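Subject: Structure handover

Hello,

Here is the structure we talked about handing over. Please look through it before reading my notes.

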Amino acid sequence: MSAATTRSRTPDRLCAEAVDLARAAAEEAAAPGVVGEHVGLVSEGDRVVTHFFECKELGYRGWRWAVTVARASRAKIVTVDEAVLLPGPDALLAPEWVPWSERLRPGDMGPGDLLPTDAEDLRLEPGYSGEDEPPPNSAVSHEMADLMEAEDAEVAAGRPANIPAAPSRGSIAAVAEELGMRRARVLSRYGLHTAADRWEEAFGPKTPMAQAAPASCVSCGFLVPVGGSLGQAFGVCANEFSPADGRVVSLSYGCGGHSEAAVMPRPPQPAPPVIDETRVDPFPLRPSPDSGSVPVTEDESSAELGHS
């Protein structure tokens, strides 16, 4: 270890004794009454020492006033280099700053809020290609260039549909306008996958509602199909009594409002009775002559006497 290194680690005696000078500098830089006791010092180099004082200001727990003093070579006068407020080992620090684009969460937008998208947003891709000219409704097109600034976009008067943005006749932009492809960008495969993951997590087969459902949405009559590739896995619920009404749901999702789960079975029809007790059968008081119980006689005398 060199002699210069040893000297730099050993605080200079005159600089270390300049506690009052350092406190006066800290009190001059800070508000009155917020500079506390002297809590230590550290050698910054040859004849350079930093004194630390406790900070009593509210909201700065664990912070310290750091005053660096120094003196010239062979000089006996100590001068103040700088005075700053620095966090200590157990200081209360603010969380690391995060850009607004990363802090934004679903549901944070309110009426009147604007959410600009990055030009290189991975969730979007060009709606059509084949021409270097921007699409007609793009914010970077020639017709829309005067309606925005690079750093601070302003809302144009009227709705975007009322803003004239007619492309040149015969261009690809004109053909896209005629076919209804007026969107400058569409969802990319990454954007589709991230959206599908969110919908699958909110209204998917792993939710408690779907686990207790009698059947899945793929067989429900309230499911409204969606077009495109998402229609193979998702739909829109149209049951007003379902917790997913108006939401995009997975075909494997389900709830108690399934259209077929609530169908009442037809009441069973009773079998016809073996003995009909509701009908009255007439019986004669005397047997009929042709019933066979009384023989037919031709003798009138015997007929009058009858048989017992």
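Below is what was found, region by region.

Note that the model is predicted.

Helix α3 covers residues 19-29, and Ala22, Ala25 and Ala26 are buried in it. Seen down the axis of α3, these buried residues fall within an arc of 100°, so they line one face of the helix. Asp20 and Glu28, on the other side of α3, are exposed. The cover over the buried residues of α3 includes four strands: β1 (35-45), β2 (48-55), β3 (63-70) and β4 (79-87).

The largest nonpolar core has 17 residues, and those with the most contacts inside it are Ala26, Val35, Phe53, Trp65, Val67 and Val69. At least two residues of this core come from each of α3, β2 and β3. The most is given by β3, with four residues. Leaving aside neighbours within four places in sequence, the contacts of Trp65 include Ala26, Ala29 and Ala30, Val34 and Val35, the run His51, Phe52, Phe53, Glu54 and Cys55, and also Val84 and Leu85. There is also a second, separate core of nine residues, with Ala210, Cys237, Leu251 and Tyr253 among them.

Ser259 sits in the loop between β9 (248-250) and α8 (300-305). Its relative accessibility is 17%, so Ser259 counts as buried, the cut-off being under 20%. A polar atom of the Ser259 side chain lies 2.7 Å from the backbone nitrogen of Gly221. Not counting residues up to four places away in sequence, Ser259 touches Ser219, Cys220, Gly221 and Phe222.

Regards

Note on methods. Residues are numbered from 1 along each chain as its sequence is written. This is a predicted model: local features need pLDDT of at least 70, side-chain atom pairs count only at pLDDT 80 or more; totals for chains, interfaces and linings use all residues. Side-chain values use heavy atoms; hydrogens and water are left out. Buried means under 20% relative accessible area, exposed over 50%, partly exposed in between (1.4 Å probe, protein chains only). The arc is that of the directions from the helix axis to the C-beta atoms. Contact means heavy atoms within 4.5 Å. A nonpolar core is a set of buried Ala, Val, Leu, Ile, Met, Phe, Trp, Tyr and Cys residues joined through side-chain atoms within 4.5 Å. A polar contact is a pair of N or O atoms within 3.5 Å; within protein, one must be able to donate a hydrogen and the other to accept it, and residues adjacent in sequence count only if both atoms are side-chain atoms.
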